[in-house]
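Reader: I am new to this structure and would like to look closely at one part of it before moving outward. Could you choose a single place, explain carefully what surrounds it, and then connect it to the rest?

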Amino acid sequence: MANPHFLPATDALDPRHAFDRRANWVRMRTLVLLRWIAISGQIVAVIVGRSTFSLQFEIGLIYATIGAAIITNLMAVLIFPQNKRLSETELLAALILDMVQLSLLLALTGGLNNPFALLILAQVAISATALGRNSTIVVCAIAVGLITTLLFFHLPLEDVEGRILQLPPLFLAGFWAAIVIGIVFQAAYARRVISEVSTMSDALAATQMALAREQKLTDLGGVVAAAAHELGTPLSTIALVAGEMIDEAETDTLRDDAVLIRAQADRCREILRSMGQAGNQDRHIRIAPVSSVIEEAAEPHRGRGIDLVFDCRAEAGSDASQPSIERRPEIVHGARNLIQNAVDFAQVRVWVDIRWSDTVVALRISDDGPGFPPEALPFLGDPFLRHRKDGTHPDSRPGYEGLGLGLFIAKTLLERSGAEITFANARDGFGHAIPDTARSGAIASAVWPRETLAVAADRSPLGPNLPTR
C-alpha cells in the first residue's frame, strides 16, 4: 500500500502555493471600500474627541495625515479599474501603507495611550488570510516595530485644561505586550485556520474533478456501446449488398469498387468491435455484481508486474448469492485509487478480498509492501499530509513524491457511497511482519451496510461484446 507521504500531487493543488493564489483574490474595489470606512472612522473619532471630550490635537497634522489617505484612495480609484486583482506585492505594499498612516495618527494622538492602537491588528488579520507566509512575517514585524516606536515616540494627549492623559507605566507596558502578543497570535491562528480551509477546499475540488472524470468515462463507454449497437446492423447491410454487387459486377472497375466498399465496412465493424471489447457488456449497465465492479476498477493496474489476487466469497453462514450493486463512479474511482496505491508499493502481490454477509459488504485491499509509516496512521485520509519524518522507509519507491491527495480522494468518494474506511498495517508496532502471513504491508478496508449498497440478488457478469456477422 502506498506510503501517503509519497502520493502523487500536482503543483496546482499543493497547499504550499495556495496563498500565492489567494492573494490574487483580493480586488482593488474591496481595498478601496475598506479604506473609505477607515477614513470615515478616523474623521468621526477626531471630531468626537474634540467636541465631546475636549481633547487637544495637532489638528493640522492630523487632517494632513487623513488627507494623504484620501488622496491615495482617490488615485487608486482613478488609475486602476475597480475589478483589478491585487498581486501579493501590491497587497503587501497597501497594508504597510495603511499601518504607517494609522501609526502616524496614533503618534499625533497619544501613542499607546490611545485605545485605537488595537486597530493595527486589522492589517495583520488581512495579511494572515490573504498573503503568503513570508509576506505575513514582514507585516507582523513592521506592526511590532511601529507599536514599539509608538511606546516611546508620540505627542501627549491633552485635555482642554492642559492635563496630560496617559496610562501608568505598568499598564502602558502591559498594553504594548498585549498588542504584540495579539499580533503574533492572531497571525498564527488566522493563518492556520485559513490554511486548513484552503487545503480542504483544494482537496475537495480535486475530488470533484476525479468524480467528474470518472462519470465522463462511464458516459463515454455508454456512447461507444450505443454506437456499436446502432451501427452494427447498417454496416452488416452494407457488407451484404457489397457482396452481391461483387457477384453481379459486369466490369472490373465496378467489382473493385464493390470490394473496396465491403473492405471499408468490415474495417468499421472491426473498429467498433475493438472499442466495445475494452470492457464487458455489463460495463454499460448500471447494475453489476460487486466483484465485477471491483475488477473493473482494478483493470488499469493489471500487467504492471504485480500479481492481483481476487478472493470473492460470502462469510460463513451467510447467503452465498453475490450482491449486485450500482456501478457508481465514486465506488469505481475510489477503489481504483486504493488498488493503485497498493500496486505502487507492493513487492510481488496485492490481495483484493470481497466479502459479504446478510448485513454488510466489505472490501479489503492488502499487499506485501513496506506498509504505512506508524506515525502517519492517525492522519491517513487527510489531504496534503505533513506528518513526515526525515527518513523514509528503505523500501519506498525513490522519486515517488506527493502529499496524500490520492488517499483523501479515495476515502472521500467511498464515504460518499456509504462506506466506512479504515487503514492499518499487517506489521506490529516495531515494523516486524506478523508470522505466518505474506500480507506484510498495508491494509485498506471499506465496509458498506448491505442495505445501502446492494440493489439486486446474484447476477453473473455478461460476456465480452461480439461482432455482428
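Author: A good place to begin is D344, which is buried, with a relative accessible area of 7%; please keep in mind that the model is a predicted one. The side chain of D344 forms a salt bridge with R304, and the closest N and O atoms of the two are 2.5 Å apart. Since D344 belongs to helix α10 whereas R304 sits in the loop between α9 and β5, the pair ties together parts that are 40 residues apart in sequence. The partner is not hidden in the way that D344 is, because R304, at 38% relative accessibility, counts as partly exposed.

From this pair one can step outward to the helices and the sheet. Helix α10, which covers residues 329-345, lies across β5, β7, β8, β9 and β10 (442-449), and runs at about 25° to β8. Helix α9, residues 290-298, lies across β5, β7 and β8 (360-367), and its direction is at about 165° to β5. The strands named here belong to an open sheet of five, in the order β5-β7-β8-β10-β9, with mixed pairing. Its edge strands are β5 (307-314) and β9 (420-425), each of which pairs on one side only. On average, and with direction ignored, neighbouring strands of this sheet are turned by 15° against each other. Looking at one edge in detail, β5 pairs with strand β7, residues 349-356, in the parallel sense over eight bridges, and within that pairing V309 has W351 in β7 as its bridge partner.

A charged residue elsewhere makes a useful contrast with D344. R450 has its place in helix α12, residues 450-453, and R450 is buried yet has no salt bridge, the nearest side chain of opposite charge being D358, 4.9 Å away. That distance falls outside the cut-off, because a salt bridge requires the nitrogen and the carboxyl oxygen to be within 4 Å. A polar atom of the R450 side chain does, however, lie 2.8 Å from the backbone oxygen of S357. Residues up to four places away in sequence aside, R450 touches S321, P323, W356, S357, D358, T359, V360 and V361.

The pair of D344 and R304 also has counterparts in other parts of the model, where the count of salt bridges comes to 14. In one of them the side chains of K411 and E415 meet, at 2.7 Å from N to O. K411 and E415 are four residues apart in helix α11, residues 405-416, so about one helical turn separates them, and E415, at 38% relative accessibility, counts as partly exposed. Elsewhere, salt bridges that share partners join D159, E161 and R163 into one network. Within it, R163 and E161 meet at 3.5 Å from N to O, and both of these residues are exposed, whereas D344 is buried.

A further sheet completes this walk through the model. This open sheet has three strands in the order β1-β2-β3, paired in the antiparallel sense, and its edge strands are β1 (55-56) and β3 (164-165), each pairing on one side only. Strand β2, residues 157-159, is joined to β3 by two bridges, the two strands running antiparallel, and E158 has I164 in β3 as its bridge partner.

Key. Residues are numbered from 1 along each chain as its sequence is written. This is a predicted model: local features need pLDDT of at least 70, side-chain atom pairs count only at pLDDT 80 or more; totals for chains, interfaces and linings use all residues. Side-chain values use heavy atoms; hydrogens and water are left out. Buried means under 20% relative accessible area, exposed over 50%, partly exposed in between (1.4 Å probe, protein chains only). Lys and Arg count as positive and Asp and Glu as negative; His and the chain ends are not counted. A polar contact is a pair of N or O atoms within 3.5 Å; within protein, one must be able to donate a hydrogen and the other to accept it, and residues adjacent in sequence count only if both atoms are side-chain atoms. Contact means heavy atoms within 4.5 Å. Two strands pair if DSSP finds at least two bridges between them. Axes are lines fitted to C-alpha atoms, for helices over the stretch in contact, and angles run from 0 to 180 degrees between N-to-C directions.
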